[in-house]
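Notebook open. I want to go through backbone angles, one helix and the charged pairs, in that order.

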Amino acid sequence: MQRYIDESTILTEAKMMYHDYHELYILIEGESDKTFFTTLMGQLSNIRFRPVSGWERVHNAVLLAQKESYSTIAGVIDRDYHSLLQDGIEENEQIFFTDDNDIEMMLFESSSFEKFLSVCADQSKTKDYAAPRQPIIEAASQLGALRALSLLNKYYFNFDGFDCKDYVN
């Protein structure tokens, strides 16, 4: 159903919710982003985090709002590779980037990672690492470089559903 909802519909929904309920819309890429932001900020009665299925839709809906001089909407997109690609996607007064490459990296770099390891990891394995993030970053950086190369050279490698455990110990 989501694919049938275009940016105009999203903007109209945001306008109606603001008019009827004084609820501000913050457009985000997906459901996991909604979970992240609502956990981080709690349930705020006048803010709705609205997943719209991808950064392109967030960007296009906010640009449409700006074209109509509608300022009661904002969007948060993953920093990803926008600056590297110089694709013209930039922050402004209504479009914001994540601090890191994406929300998952923000969590990875936060104290939440240590809490996760203390609860879920095999302690006999983690005690061998003074810096437990390092082996993960080393393995992931190679995949990240491959993805960046694919984007820069328009190879269109598909990373969806890629199972790293076959390649990373």
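**Entry 1: a loop residue.** I looked up His22 and found it in the loop between α1 and β1. The model is predicted, so I read each value as computed from it. His22 comes just after α1 and takes a positive phi of about 55°. It is not a glycine, so I flagged the angle. Most residues other than glycine have a negative phi. Is His22 buried or exposed? I checked the area: His22 is exposed, at a relative accessible area of 54%.

**Entry 2: another positive phi.** I then turned to Gln86. Its phi is near 50°, positive again in a residue other than glycine. I placed Gln86 in the loop between α4 (82–85) and β4 (95–97). Gln86 has a relative accessible area of 70%. Exposed means over 50%, so Gln86 counts as exposed.

**Entry 3: the length of α1.** I checked whether the helix ends fit the residue count. Helix α1 covers residues 7–21, which is 15 residues. At 1.5 Å a residue, α1 should span 21 Å. I took the end C-alpha atoms of α1 and got 21 Å between them, which agrees.

**Entry 4: the buried face of α1.** Which residues of α1 are buried? I listed Glu7, Ile10, Leu11, Ala14 and Met17. Looking down the axis of α1, I found these buried residues within an arc of 125°, so they line one face of the helix. Next I asked what covers the buried residues of α1. The cover includes two strands, β1 (24–28) and β2 (47–51). It also includes helix α3 (55–67) and strand β3 (73–77).

**Entry 5: salt bridge search.** How many salt bridges does a search of the whole structure find? I got four. Side chains of opposite charge can pair when their charged atoms come close. I wrote up three pairs, below.

**Entry 6: Lys15 and Glu68.** Lys15 forms a salt bridge with Glu68, and I read 2.4 Å between the closest N and O atoms. Lys15 lies in helix α1 and Glu68 in the loop between α3 and β3, so the pair ties together parts that are 53 residues apart in sequence. I looked up exposure for both partners. Lys15 is partly exposed, with a relative accessible area of 30%. Glu68 is also partly exposed, at 42% relative accessibility.

**Entry 7: Arg48 and Glu23.** I found Arg48 in a salt bridge with Glu23, the closest N and O atoms being 2.7 Å apart. Arg48 is in strand β2 and Glu23 in the loop between α1 and β1. The two are 25 residues apart, and the pair links distant parts of the chain. Arg48 counts as partly exposed, at 33% relative accessibility. Glu23 has a relative accessible area of 11%. Buried means under 20%, so Glu23 is buried.

**Entry 8: Arg133 and Glu114.** I last looked at Arg133 and Glu114, whose side chains meet in a salt bridge at 2.6 Å, N to O. Arg133 is in helix α8 (residues 133–153), and Glu114 is in helix α6 (residues 112–120). I noted that this pair links distant parts of the chain, 19 residues apart. Which relative accessible area does Arg133 have? I read 16%, and Arg133 is buried. Glu114 counts as partly exposed, at 38% relative accessibility.

Definitions and conventions:
Residues are numbered from 1 along each chain as its sequence is written. This is a predicted model: local features need pLDDT of at least 70, side-chain atom pairs count only at pLDDT 80 or more; totals for chains, interfaces and linings use all residues. Side-chain values use heavy atoms; hydrogens and water are left out. Helices (H or I, at least four residues) and strands (E, at least two) are DSSP runs, numbered from the N terminus. The expected span of a helix is 1.5 Å times one less than its number of residues. Buried means under 20% relative accessible area, exposed over 50%, partly exposed in between (1.4 Å probe, protein chains only). The arc is that of the directions from the helix axis to the C-beta atoms. Contact means heavy atoms within 4.5 Å.
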